[in-house]
Amino acid sequence: MLQLFLPLSALGFVYRELKKAMADVARMFALTDIEPGVTDHPDAGELVSSRPEIVFDDVYFGYTAERPILRGVSLTAAPGAKIAVVGHSGAGKSTLARLLFRFYDVDHGQLCIDGRDIREYSLASLRAAIGVVPQDTVLFNDTIEYNIAYGAPETADRAAIERAARLAHLDAFIARLPEGMATVVGERGLKLSGGEKQRIAIARAILKNPAILIFDEATSSLDSHAERAITEALAELAADHTTLVIAHRLSTVVDADRIVVLDDGRVVEQGRHAELLAAGGSYARMWQLQQHDAERDPSLDTRAC
Ligand code: ATP
């Protein structure tokens, strides 16, 4: 009986952990309903790549049939490149990330990784290859160490966790805490600021070491010190991965290999920061607007250095 019980109970544990991980990611993407139609293709293969190429090719998508959200989006992230998506609230930026994570499938067009439609990869291998730094990180009522290790607990030893904290620019903050890494955070522990929580998420992603990184920048304004720490931490993390940044502050995107400007579900401009400024289009106008805001409120500083 025990021989039967142990494997079954282990299976139950794996199932509960998987469900919990999916619920956390869904919460990270602010999703209430996950498309039930997204399943593995019978011939699905494994996504094995350390710096994949990502291509959105003429992608159309709507959460409902009546309301199209993405309308013919084409963009390419070369292996290891950092792509930034900017645009007004509701333009469809986070929707691109949700399609990449395959919470939903595209209505028309194709989304490819390394030259293959993402539906040809198993969901598990696709999602294992993607690390998400969400806008609002879910913290558990546990130690900082546990919260950083969450996502890669079985491979994370103390040295790896400390390295991740250092690269995420959390070490000075942790050193000031009375119990250091053992300090309990979350609802019933020490409350962290938005910027500190996001750096915990960056440390988590550094530990996971994903091939693809999605960084969903917080909409809430951070002071320029916190923002600089996050920008530097992100640069460490993005260096070796194909990165998609969903950006709200343009200071985070000046070093991107390609900036894609989305307006009402359409790509209206793309290029590097200097090219887009010189073009004098909607990116240049957004940049001027943010500069103007920063002059009025120095905590919204948009300068890169
Ligand atoms: P923000 O900068 O405010 O985060 P965004 O550009 O990332 O905005 P998306 O989150 O991609 O915008 O949303 C695009 C549009 O799709 C919005 O109008 C939003 O209301 C709608 N939308 C998002 N999620 C859903 C959903 N699950 N069901 C229906 N509509 C949705």
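In the predicted model, helix H5 (residues 158–167) packs against helix H7 (residues 194–208) with the two axes 8 Å apart and inclined at an angle of about 130 degrees. The arrangement of H5 relative to H7 is therefore oblique, because an angle that is neither under 35 degrees, nor over 145, nor within 65 to 115 is assigned to that class. The crossing in which H5 passes H7 is right-handed. On the H5 side, the contact is formed by Ala160, Ile161, Ala164, Ala165 and Leu167, which meet Ala203, Ile206 and Leu207 of H7. Classified by residue type, this contact between H5 and H7 comprises eight nonpolar residues, with no polar and no charged residues.

The strands considered here belong to an open sheet of four, arranged in the order E2-E1-E4-E5 with antiparallel pairing. Its edges are occupied by E2 and by strand E5 (116–117), each of which pairs on one side only. Strand E1 (residues 54–61) is joined to strand E2 (residues 70–77) by six bridges in the antiparallel sense, and to strand E4 (residues 108–113) by five bridges, again in the antiparallel sense.

The register of these pairings can be followed through individual residues. Tyr60 has Arg71 as its bridge partner in E2, while in E4 the bridge partner of Tyr60 is His108. A further point of reference is Val55, which stands opposite Thr76 in E2. In a regular strand, side chains alternate between the two faces of the sheet.

Helix H2 (residues 93–100) is placed against this sheet, lying across E1, E2 and E4 and running at about 115 degrees to E1. The contact of H2 with the sheet thus involves the edge strand E2 as well as E1 and E4, which follow E2 in the strand order.

The surroundings of the ligand were examined separately. A shell of 11 residues surrounds the ligand, and the closest of these are Tyr63, Ser89, Lys93, Ser94 and Thr95. By class, the residues of this shell divide into four nonpolar, six polar and one charged. Among the closest residues, Lys93, Ser94 and Thr95 fall within the residue range of H2, 93–100, the helix that lies across E1, E2 and E4.

Terms used. Residues are numbered from 1 along each chain as its sequence is written. This is a predicted model: local features need pLDDT of at least 70, side-chain atom pairs count only at pLDDT 80 or more; totals for chains, interfaces and linings use all residues. Two strands pair if DSSP finds at least two bridges between them. Helices (H or I, at least four residues) and strands (E, at least two) are DSSP runs, numbered from the N terminus. Axes are lines fitted to C-alpha atoms, for helices over the stretch in contact, and angles run from 0 to 180 degrees between N-to-C directions. A crossing is left-handed if the near helix is turned anticlockwise from the far one by less than a right angle, and right-handed if clockwise. Two residues are in contact if their C-beta atoms, placed from the backbone, lie within 7 Å. Ala, Val, Leu, Ile, Met, Phe, Trp, Tyr, Cys and Pro count as nonpolar, Asp, Glu, Lys and Arg as charged, and the others, Gly among them, as polar. A residue is near a molecule or strand if its C-beta atom, placed from the backbone, lies within 6 Å of it.
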